[in-house]
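Visitor: I would like to go through this model term by term, and to hear on what grounds each label is given.

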Amino acid sequence: MTRHLVDDVAVGWEELGTDLLDGAQPYIVEELTRGERWPSRTLDHLITPDGSPPTRMTVTEKDAADQDLEWGYVLRPEGIEVISMPYANAGPVVGWDTYPLECFSDNPRYWLAPALSPLATPAAAGPAPAAPATAPVPSRTAARR
């Protein structure tokens with residue numbers, strides 16, 4: 001995945017295609033793409049303001065906030081970290097062994113990294129909070145028929 005997404009592209013991606021699914025079970029490809037196939041397309045037709053050759057955009061922790069990005073992806077040995085850039089500086093890691101037909105949502109609230117208070121430690125965490133009490137059922141004010 002790293003070779004395909006990062007190493008083998010000169011500048012960047014215009015669109016990722018179904019070639020990412022090469023080698024996957026046919027039923028998975030059918031379910032994800034409804035049987036359609038299309039190649040990934042790279043950003044090959046870029047023109048820079050000064051006419052110089054385009055270069056790969058590098059994003060770091062220091063400059064990510066200054067770029068107009070919606071999502072960030074960090075390839076890790078254990079999986080891919082998915083970061084909703086406008087809402088979080090980190091995100092959950094989706095393991096490489098995650099079932100590919102599992103439902104995912106692009107709603108940012110599902111992709112926030114678990115936040116721990118800097119003072120929270122397992123020893124100081126204390127007991128889990130009690131479940132909230134259910135609201136009392138209001139009494140009927142109208143006569144029953």
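**Labels and their grounds**

Guide: Let me begin with Asp22, which is exposed because its relative accessible area is 52% and the label requires a value over 50%. Please keep in mind throughout that this is a predicted model.

Visitor: What makes Arg37 partly exposed?

Guide: Arg37 has a relative accessibility of 48%, and since buried means under 20% and exposed means over 50%, Arg37 falls in between and therefore counts as partly exposed.

Visitor: How do you know that Arg37 and Asp22 form a salt bridge?

Guide: The closest N and O atoms of Arg37 and Asp22 are 3.0 Å apart, and a salt bridge requires the side-chain nitrogen to lie within 4 Å of the carboxyl oxygen, so the pair qualifies. This pair links distant parts of the chain, with Arg37 in the loop between helix H2 (26-33) and S2 and Asp22 in the loop between S1 and H2, 15 residues apart.

Visitor: Why are Glu14, Glu15 and Arg41 described as one network?

Guide: They are joined by salt bridges that share partners. The side chains of Arg41 and Glu14 meet at 3.2 Å, N to O, and because Arg41 lies in strand S2 (residues 41-42) while Glu14 lies in strand S1 (residues 13-15), the pair ties together parts that are 27 residues apart in sequence. Glu15 also forms a salt bridge with Arg41, with the closest N and O atoms 3.3 Å apart; here Glu15 in strand S1 and Arg41 in strand S2 are 26 residues apart. The structure holds 4 salt bridges, including those discussed here.

Visitor: Are the partners Arg41 and Glu15 buried, exposed or partly exposed, and on what grounds?

Guide: Arg41 has a relative accessible area of 40% and Glu15 has a relative accessibility of 30%; the limits are under 20% for buried and over 50% for exposed, so Arg41 is partly exposed, and Glu15 is partly exposed as well.

Visitor: What makes Met1 eligible for a nonpolar surface patch?

Guide: Met1 is found in the segment before helix H1 (2-7) and is partly exposed because its relative accessibility is 48%, which satisfies the requirement of over 30% for patch members. Met1, Leu16, Leu20 and Trp96 form the patch, with about 360 Å² of accessible area together. For the protein chain, the exposed area is about 12,300 Å², of which carbon and sulfur atoms supply 56%.

Visitor: How do you know that strands S3 and S4 pair?

Guide: Pairing requires at least two bridges, and strand S3 (residues 71-76) and strand S4 (residues 79-84) have 6 bridges in the antiparallel sense, so the label applies by that definition. Trp71 stands opposite Ser84 in S4, and a hairpin joins S3 to S4 through 2 residues.

Visitor: Which elements make up the protein chain, and in what pattern?

Guide: The protein chain has 2 helices and 5 strands, following the pattern α-β-α-β-β-β-β along the sequence. Buried residues make up 17% of its 145 residues, and among contacts between residues at least 6 apart in sequence, 31% join residues at least 24 apart.

Conventions:
Residues numbered from 1 in each chain as written. Predicted model: local features only at pLDDT ≥ 70, side-chain atom pairs only at ≥ 80, totals over all residues. Heavy atoms only, no water. Helix = DSSP H or I, 4+ residues; strand = E, 2+ residues; numbered from the N terminus. Buried < 20%, exposed > 50% of the residue type's maximum accessible area, 1.4 Å probe, protein only. Contact = heavy atoms within 4.5 Å. Areas by Shrake-Rupley, 256 points an atom, 1.4 Å probe, with all protein chains shown as cover. Patch = residues over 30% accessible without salt bridge, like charges linked within 9 Å, V, L, I, M, F, W, Y side chains within 5 Å.
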